[in-house]
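Student: Hi! Could you walk me through this one? I'd like to take it piece by piece.
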Protein chains: 2
Amino acid sequence: MDEKSISKAVIRRLPRYYRYLGELLEEGVERISSNELSSKMHVTASQIRQDLNNFGGFGQQGYGYNVPYLYAEIGKILGLDRTHHIIIIGAGNLGQALANYVKFEKRGFKVVGIFDINPVLKGISIRGNEIRMMDELPEFLRENDVQIATLTLPKAYAEETANLLVENGIKAIWNFAHLDLAVPEDVIVENVHLSESLMRLSYNLNRYNTEHKKE
Amino acid sequence: MDEKSISKAVIRRLPRYYRYLGELLEEGVERISSNELSSKMHVTASQIRQDLNNFGGFGQQGYGYNVPYLYAEIGKILGLDRTHHIIIIGAGNLGQALANYVKFEKRGFKVVGIFDINPVLKGISIRGNEIRMMDELPEFLRENDVQIATLTLPKAYAEETANLLVENGIKAIWNFAHLDLAVPEDVIVENVHLSESLMRLSYNLNRYNTEHKKE
DNA sequence: TAGATTGTTAATCGATTAACAATC
DNA sequence: TAGATTGTTAATCGATTAACAATC
């Protein structure tokens, strides 16, 4: 059955709500109205109420939202109430940086394997994970429960590696390679295209300069 | 004067057009119609024509778009026709990974300085840049032409560092710290929130599983 | 009960798609 | 000239904002 599906725009905002609620929680704030949250986050109160109501009535008239409750609920929606096992394919600078990033594990994203094709890297340990060679991957996936594969490898290898992952049952790819992966429709790809981010920054910088020159 | 401003949605797509055109260029393709590009990129031809027409009439009726020309024009729009000097604040794993990433330089983004507060890192050289201590930053910015500052440091230091950068004339921040920076309106911030990206992936994974369980 | 604030419907705004006249 | 394809206007669709009745 199709639930009425939730727009990407809403999903994009969800982690940001989660972050602000987490901060409020740390400050010991018990309750917050859509209006207060609105002025903190610089979005409209209306949008906050609409967004949250996609998932259920988390608030209470005359009271607002209970911070610990709403925080936990959004966490559940985002799937942060359970542990995800991640492997990293490509143990270059970026792959190693991600493997070293401690915060992910606090959110339930645990790196359980790191792979590369470069024999020089074989056996090097990063936070308890020894870098493995790619030929060990299929067996590893058979023997371990892995939900997410991270691609931090050169563009040229990305497509074939994605295929290999899909063949071995991976359903979610966190893709840092700068290309659009062609995968079956039941496989989820989340792209992080750093160079595109940098280009947008450059565009805005450029635009700003141009506009102000003209005045 | 306000030019009729271009929507963020269009800007988000621009680097992707640039990438596809770059690939066509490498393949030696001379011309392409919005229709052909549309089926390659999985967007509507109408959207392509609308998007490009925000910036000018780059095509020709009956012919389509000239690939080398359009590629160069989009490059100009994105500001890729000139060199941007970047500094990196925070020489941890991620900062070093970015400093090592060779591709950025090919697009005109040149790292000219790397800074940290950890004395252990002082003097370590990354692709020709020695890591400097933060107290050298103001002088460095006075003596060098820097357009973009990258923040790859713990959240706790991000706000004060952003202020320091702004005080010293920086107008564009590429922010990897997981918070919303409060900066004057003439300062551009481009956020890369990796943990939010991971949460979106987790949401979609979760959603997929749930939907299919119900059937 | 009165006041506050949600949940939700209706109105507005903006972005995408369709259609087609202009023109190479 | 005829055919192709853009540039652009109009129609549609979806997302955001406003308004307010429901209700705690």
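Tutor: Happy to! This is a predicted model. Let's start with the DNA: a phosphate oxygen of DNA strand C is 2.8 Å from an N or O atom in the side chain of A:Tyr65.

Student: Okay, and which phosphate oxygen distance goes with B:Arg13?
Tutor: For B:Arg13, an N or O atom of the side chain is 3.0 Å from a phosphate oxygen of DNA strand C. There's also B:Gln47, whose side chain has an N or O atom 3.4 Å from a sugar or linking oxygen of that strand.

Student: Which elements give two or more residues to the surface near DNA strand C?
Tutor: From chain A, they are helix H3 (45-53), strand S2 (59-60) and strand S3 (64-66). From chain B, they are helix H1 (8-26) and helix H3 (45-53).

Student: And where does the largest share come from?
Tutor: From H3(B), which gives four residues to the surface near DNA strand C.

Student: What's that surface like, in terms of nonpolar, polar and charged residues?
Tutor: It has 18 polar residues, four nonpolar ones and three charged ones.

Student: Which residues come nearest to DNA strand C?
Tutor: Of the 25 residues around the strand, the nearest are A:Ser34, A:Gln50, A:Tyr65, B:Ser46 and B:Gln50. On the DNA side, sugar and phosphate account for 55% of the atoms of strand C that come within 4 Å of the protein.

Student: Nice. Changing topic: how many residues does helix H8 of chain A have?
Tutor: Helix H8 of chain A has 13 residues, 155-167. From its first C-alpha to its last it reaches 19 Å, close to the 18 Å expected at 1.5 Å a residue.

Student: Which of its residues are buried?
Tutor: In H8(A), the buried ones are A:Ala158, A:Thr161, A:Ala162 and A:Leu165. They pack against strand S4 (84-89), helix H7 (137-143), strand S8 (148-151) and strand S9 (172-175) of chain A.

Student: Is there a reason for that spacing in the numbers?
Tutor: Here's a handy rule: an α-helix has 3.6 residues a turn, so residues three or four places apart point the same way.

Student: Cool! What about A:Val166, why does it count as partly exposed?
Tutor: A:Val166 is in helix H8 of chain A. It counts as partly exposed because its relative accessibility is 22%, and buried would mean under 20%.

Student: What is A:Val166 in contact with, leaving aside its neighbours within four places in sequence?
Tutor: Its contacts are A:Val183, A:Pro184 and A:Val187. A:Val187 is 21 residues from A:Val166 in sequence, yet their C-alpha atoms are 7.7 Å apart in space.

Student: And what follows H8(A)?
Tutor: A:Gly169 follows H8(A), with a positive phi near 95 degrees.

Key: Residues are numbered from 1 along each chain as its sequence is written. Chains are lettered from A and ligands numbered from 1 in the order in which they are written. This is a predicted model: local features need pLDDT of at least 70, side-chain atom pairs count only at pLDDT 80 or more; totals for chains, interfaces and linings use all residues. Side-chain values use heavy atoms; hydrogens and water are left out. A residue is near a molecule or strand if one of its heavy atoms lies within 4 Å of it. A polar contact is a pair of N or O atoms within 3.5 Å; within protein, one must be able to donate a hydrogen and the other to accept it, and residues adjacent in sequence count only if both atoms are side-chain atoms. Ala, Val, Leu, Ile, Met, Phe, Trp, Tyr, Cys and Pro count as nonpolar, Asp, Glu, Lys and Arg as charged, and the others, Gly among them, as polar. The expected span of a helix is 1.5 Å times one less than its number of residues. Buried means under 20% relative accessible area, exposed over 50%, partly exposed in between (1.4 Å probe, protein chains only). Contact means heavy atoms within 4.5 Å.
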